[in-house]
Amino acid sequence: MFDEMTRLIGEYAPDEGAIETTFFGKDATAAAKLGQARGCLIVALRKAGLPIAHYAPTVVKKSVTGNGQATKQQVHFMVARSLGLKEVPKPLDVSDALAIALCHTQRAGRVVCEGRGQRKPEIEALLSRVVRR
């Protein structure tokens with residue numbers, strides 16, 4: 001996972017990263033695996049020198065659906081609708097990632113990022129045109 005994330009960062013050269021914070025469910029094994037995966041992604045982003053924004057699952061859900069307690073299906077539907085997609089992206093993890101990206105785009109001016117660097121002027125110009133809810 002780390003190697004693939006490093007490859008993608010090299011290929012697409014993002015200016016920053018956004019990641020969902022860990023939540024604790026009933027399944028400790030799943031939570032441990034999620035934590036390990038999240039750690040790989042954070043290390044890859046930090047190694048690339050990118051600032052990282054962290055969002056709670058409820059914040060992501062609220063920014064995409066208007067309801068912090070929305071179901072996965074509601075989030076997936078709104079991601080497809082917001083992006084003008086004809087169907088929900090598959091696998092469903094793809095729409096989760098897109099939801100985090102949408103949340104970050106909407107909240108970009110209001111979040112404290114971990115890491116260094118300023119946004120490029122063209123990113124600021126793009127974000128200033130985004131309609132905020």
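Here is a short back-and-forth about a predicted model and the reasoning behind some of its labels.

Me: What makes up the protein chain, in helices and strands?
Reply: Six helices and two strands. Starting at the N terminus, the order is α-β-α-β-α-α-α-α. Of the 133 residues in the chain, 28% are buried.

Me: How do you know that distant parts of the sequence meet in the protein chain?
Reply: Take the contacts with a separation of 6 or more: 64% of them are between residues 24 or more positions apart.

Me: Why is His 76 called buried?
Reply: Buried means under 20% relative accessible area, and His 76 has 3%. That value is under the cut-off, so the label holds for His 76. The residue sits in helix α4, residues 72–82.

Me: Which residues does His 76 touch?
Reply: Leaving out residues up to four places away in sequence, His 76 touches Val 88, Leu 92, Ser 95 and Asp 96. Asp 96 belongs to helix α5, residues 92–107. Apart from neighbours within four places, Asp 96 is in contact with Lys 72 as well as His 76. The C-alpha atoms of Asp 96 and Lys 61 are 9.5 Å apart, with their positions 35 residues apart along the chain.

Me: And Gln 106, why does that count as buried?
Reply: Gln 106 comes in at 13% relative accessible area. The cut-off is under 20%, so Gln 106 is buried. Gln 106 is in helix α5, and its C-alpha is 7.4 Å from that of Ser 63, a residue 43 places away along the chain.

Me: What makes Ala 13 exposed?
Reply: Exposed means over 50% relative accessible area. Ala 13 has 53%, so Ala 13 passes. You'll find Ala 13 in the loop between α1 and β1.

Me: What is notable about the phi of Ala 13?
Reply: The phi is positive, about 45°, although Ala 13 is not a glycine. Most residues other than glycine have a negative phi.

Me: Which glycines with a positive phi follow helices α2 and α3?
Reply: Gly 49 follows α2, with a phi near 75°. Gly 66 follows α3, with a phi near 90°.

Me: How do you know that the span of α2 fits what is expected of a helix?
Reply: Helix α2 covers residues 28–47, which is 20 residues. The expected span is 1.5 Å times one less than the number of residues, and for α2 that gives 28 Å. From first C-alpha to last, α2 reaches 28 Å, so the span is close to the expected one.

Me: Why are the buried residues of α2 said to lie on the same side?
Reply: The buried residues are Ala 31, Arg 38, Ile 42, Ala 44 and Leu 45. They cover an arc of only 160° around the axis, which puts them on the same side of α2. They pack against α1 (2–12), β1 (17–20) and β2 (52–55). On the face turned away from that buried side, α2 carries the exposed residues Lys 33, Gln 36 and Lys 47.

Me: What makes Asp 27 a cap for α2?
Reply: A side-chain oxygen of Asp 27 lies 3.1 Å from the backbone nitrogen of Thr 29. A polar contact needs N or O atoms within 3.5 Å, so this pair qualifies, and Asp 27 caps the N-terminal end of α2.

Me: Which residues of α3 are buried, and where do they lie around the axis?
Reply: In α3, residues 57–65, the buried ones are Pro 57, Val 60, Ser 63 and Val 64. Their arc is only 135° around the axis, which puts them on the same side of α3. The packing partners are β1, β2, α4 and α5.

Me: How do you know that β1 and β2 pair?
Reply: Pairing takes at least two bridges. Four bridges join β1 to β2, so they pair, and they run parallel. Glu 20 stands opposite Tyr 55 in β2. Glu 20 is on the uncovered face of β1 with Ala 18, while Gly 17 and Ile 19 form the covered face.

Me: What makes the bond between Lys 90 and Pro 91 stand out?
Reply: That peptide bond is cis, with omega about 0°. Most peptide bonds are trans. Pro 91 is in the loop between α4 and α5.

Technical notes. Residues are numbered from 1 along each chain as its sequence is written. This is a predicted model: local features need pLDDT of at least 70, side-chain atom pairs count only at pLDDT 80 or more; totals for chains, interfaces and linings use all residues. Side-chain values use heavy atoms; hydrogens and water are left out. Buried means under 20% relative accessible area, exposed over 50%, partly exposed in between (1.4 Å probe, protein chains only). The arc is that of the directions from the helix axis to the C-beta atoms. Contact means heavy atoms within 4.5 Å. A polar contact is a pair of N or O atoms within 3.5 Å; within protein, one must be able to donate a hydrogen and the other to accept it, and residues adjacent in sequence count only if both atoms are side-chain atoms.
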